[in-house]
Amino acid sequence: MTKASLQMTSTESRQLARALGWFSLALGAAELIAPNRVTRPLGMQGSEGLVQLYGLREIASGVSILSTESAASVWSRVAGDALDVGTLALHLRDDNRKKANVAVAIAAVGGIALLDLACAAGLSKNEAHDRADARALR
């Protein structure tokens, strides 16, 4: 990232996209293979099937990011982050003895969401510049 702002160079955006793609694959595999390792510490027992579906979503995002490095593929992670926060927020209840863990998980997803957002915005900007350059060459 440049010192003057939170904007990333084209190279930085692509490098972060690749890292996020690999992160998506790893997280998705964990959610798919061992959903109880996610649900138990959060007091979300009974949501294992949902966590597995979210794992499939993560794997799909990872594959898309690694194969295209497109802004759209990273924006899909941003949408997934919103879904994750919403799902976690439903378990931030007084009757959940592990709601402190849920709050930590929400903060962690929020941090990753900021990376996803910065990356998606950077890739979108790069793609817009590429389209403008292509139009200028015509």
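A salt bridge is a side-chain nitrogen of Lys or Arg within 4 Å of a carboxyl oxygen of Asp or Glu. The legends below apply this criterion to a predicted model.

**Figure 1. Salt bridge between Asp94 and Lys99.** Asp94 pairs with Lys99, and their closest N and O atoms are 2.6 Å apart. The contact qualifies as a salt bridge because its N and O atoms fall within the 4 Å limit. Asp94 is exposed, at a relative accessible area of 71%. Lys99 is partly exposed, at 32% relative accessibility. A search of the whole structure returns 7 salt bridges.

**Figure 2. Overall arrangement of the predicted chain.** The protein chain contains 5 helices and 0 strands, and its pattern along the sequence reads α-α-α-α-α. The C-alpha trace spans about 60 × 30 × 20 Å along its principal axes. Of the 138 residues in the protein chain, 31% are buried. The accessible surface amounts to about 8,000 Å², and carbon and sulfur atoms contribute 65% of that surface. Among contacts with a sequence separation of 6 or more, 70% are made by residues 24 or more positions apart.

**Figure 3. Salt bridge between Arg57 and Asp84.** The side chains of Arg57 and Asp84 form a salt bridge, with an N to O distance of 3.0 Å. Arg57 belongs to helix H3 and Asp84 to helix H4 (residues 71–89), so the pair ties together parts that lie 27 residues apart in sequence. Asp84 has a relative accessible area of 12% and is therefore buried, the limit for that class being under 20%. When residues up to four places away in sequence are not counted, Asp84 touches Tyr54, Arg57, Glu58 and Val109. Two of these contact residues, Arg57 and Tyr54, reappear in the next view.

**Figure 4. Arg57 over the ring of Tyr54.** Arg57 is placed over the face of Tyr54, at 4.8 Å from the ring centre. The side chain of Arg57 also meets that of Asp84 in a salt bridge, and Tyr54 is among the residues that Asp84 touches. What number of aromatic pairs does the structure hold? The number is 0.

**Figure 5. Salt bridge between Arg77 and Asp116.** The side chains of Arg77 and Asp116 meet in a salt bridge at 2.9 Å, N to O. This pair links distant parts of the chain, with Arg77 in helix H4 and Asp116 in helix H5 (residues 99–137), 39 residues apart. Arg77 counts as buried at 4% relative accessibility. Asp116 likewise counts as buried, at 0% relative accessibility. Because the limit for a buried residue is under 20% relative accessible area, Arg77 and Asp116 both fall in that class.

**Figure 6. Salt-bridge network.** The view returns to the salt bridge of Asp94 and Lys99 before turning to the network. Salt bridges with shared partners join Arg57, Glu58, Arg77, Asp84 and Asp116 into one network. Within this group, Arg57 and Asp84 meet at 3.0 Å, N to O, and Arg77 and Asp116 meet at 2.9 Å, N to O. Glu58, also a member of the network, is in addition one of the residues touched by Asp84.

**Figure 7. Nonpolar patch on the surface.** Leu32, Ile33, Leu50, Leu53 and Leu56 make up a nonpolar surface patch, with about 470 Å² of accessible area together. Helix H1 (10–33) and helix H3 (48–68) each provide at least two residues of the patch. Which helix supplies the largest share of the patch? Helix H3 does, with 3 residues. Leu56 is located in helix H3. Leu56 is partly exposed, with a relative accessible area of 45%; this value satisfies the accessibility requirement for a patch residue because that requirement is over 30%.

**Figure 8. Surroundings of Glu127.** Glu127 is situated in helix H5. At 27% relative accessibility, Glu127 counts as partly exposed, because this class lies between the 20% limit for buried residues and the 50% limit for exposed residues. Which residues does Glu127 contact when its neighbours within four places in sequence are left aside? They are Glu69, Ser70 and Ala71. Glu127 and Ser70 are 57 residues apart in sequence, and their C-alpha atoms are 8.2 Å apart in space.

Terms used: Residues numbered from 1 in each chain as written. Predicted model: local features only at pLDDT ≥ 70, side-chain atom pairs only at ≥ 80, totals over all residues. Heavy atoms only, no water. Phe/Tyr/Trp six-rings, centres within 6.5 Å; stacked < 30°, edge-to-face > 60°. Lys NZ or Arg CZ within 6 Å of the ring centre and 35° of its normal. Patch = residues over 30% accessible without salt bridge, like charges linked within 9 Å, V, L, I, M, F, W, Y side chains within 5 Å. Areas by Shrake-Rupley, 256 points an atom, 1.4 Å probe, with all protein chains shown as cover. Helix = DSSP H or I, 4+ residues; strand = E, 2+ residues; numbered from the N terminus. Buried < 20%, exposed > 50% of the residue type's maximum accessible area, 1.4 Å probe, protein only. Contact = heavy atoms within 4.5 Å.
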